[in-house]
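The exercises below ask for a description of one protein model, starting from the overall fold and ending with the pockets. Each task is followed by a stepwise solution.

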Amino acid sequence: MNRFDYVKYTLLHRKAFRDVEKELFGKVSLRGYLHDLDKVIMYPILGKKLTSKLHRRFARHHIKSAKTYADYKEMVVDWECARYTKPDKPLNAYDTLYKFYPQLENEILPILKVLKIDKSNIN
């Protein structure tokens with residue numbers, strides 16, 4: 001994929017993020033409208049590798065930067081919607097939590113329970 005393919009991929013992910021956030025929370029937040037917008041801007045300038053590195057380091061919905069309840073809520077939406085646009089990420093938020101980030105159970109599981117998405121989709 002070239003830089004502009006990554007922009008297109010990210011735009012589709014951003015739309016899915018907003019759709020899932022609205023479904024789960026009843027509205028799209030400012031974070032929802034801004035979600036991954038930095039990547040759309042940086043991909044054409046910096047390329048995939050550097051953009052991904054910077055994004056994962058500074059975006060609050062990624063593990064290295066998450067600190068607040070709002071950060072973890074955004075993380076949940078990101079995990080839940082990834083399966084709709086990212087063939088390499090077929091898991092729902094619950095399965096993503098336990099497969100990749102079990103150390104975040106205390107932060108994430110309460111959010112999944114409130115949203116009633118605290119179940120595995122793996123058969």
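The radius of gyration is taken here over C-alpha atoms, and the globule rule is 2.2 Å times the number of residues to the power 0.38. The model is predicted.

**Exercise 1.** State what radius of gyration a compact globule would have for this chain, and set the chain's value against it.

Step 1. The chain has 123 residues, so the rule puts a compact globule near 14 Å.
Step 2. The protein chain has 14 Å, which agrees with the rule.
Step 3. Along the principal axes, the C-alpha atoms fill a box of roughly 40 × 30 × 25 Å.

**Exercise 2.** List the secondary structure elements of the chain in order.

Step 1. The count is six helices and zero strands.
Step 2. Read from the N terminus, the order is α-α-α-α-α-α.

**Exercise 3.** Classify the packing of helix 1 against helix 3 and describe the contact.

Step 1. The two helices pack at an angle of about 170°, and their axes are 9 Å apart.
Step 2. Angles over 145 degrees count as roughly antiparallel, and helix 1 and helix 3 are therefore roughly antiparallel to each other.
Step 3. Helix 1 contributes Arg3, Phe4, Tyr6, Val7, Thr10, Leu11 and Arg14 to the contact. On the side of helix 3, the residues include Leu37, Val40, Tyr43, Ile45 and Lys48.
Step 4. Sorted by class, this contact of helix 1 with helix 3 has ten nonpolar, two polar and four charged residues.

**Exercise 4.** Describe the largest pocket by volume and lining.

Step 1. The volume is about 560 Å³.
Step 2. The lining of the largest pocket consists of 26 residues, and Arg56, His62, Asp78, Lys86 and Lys89 lie nearest the pocket centre.
Step 3. Helix 1 (3–25), helix 3 (37–58), helix 4 (69–85) and helix 5 (93–100) each supply at least two lining residues. The largest share, six residues, is from helix 3.
Step 4. By class, the lining of the largest pocket divides into eleven nonpolar, six polar and nine charged residues.

**Exercise 5.** Repeat the description for the second largest pocket.

Step 1. The second largest pocket holds about 160 Å³ of space.
Step 2. Its lining is made up of Phe17, Glu21, Phe25, Lys27, Ser29, Arg31, Ala70, Lys73, Glu74 and Val77.
Step 3. Helix 1 and helix 4 are the elements that give two or more residues to this lining, and helix 4 provides the largest share, four residues.
Step 4. By class, the lining of the second largest pocket has four nonpolar, one polar and five charged residues.

Definitions and conventions
Residues numbered from 1 in each chain as written. Predicted model: local features only at pLDDT ≥ 70, side-chain atom pairs only at ≥ 80, totals over all residues. Heavy atoms only, no water. 1 Å grid on protein atoms, 1.4 Å probe; cavity = no way out; pocket = protein on both sides within 12 Å on 5 of 7 lines; lining within 4 Å. Points joined across faces, edges and corners; volume = space filled by probe spheres on them. Nonpolar A, V, L, I, M, F, W, Y, C, P; charged D, E, K, R; others polar. Axes fitted to C-alpha atoms, helices over the stretch in contact; angles between N-to-C directions. Parallel < 35°, antiparallel > 145°, perpendicular 65-115°, else oblique. Contact = heavy atoms within 4.5 Å.
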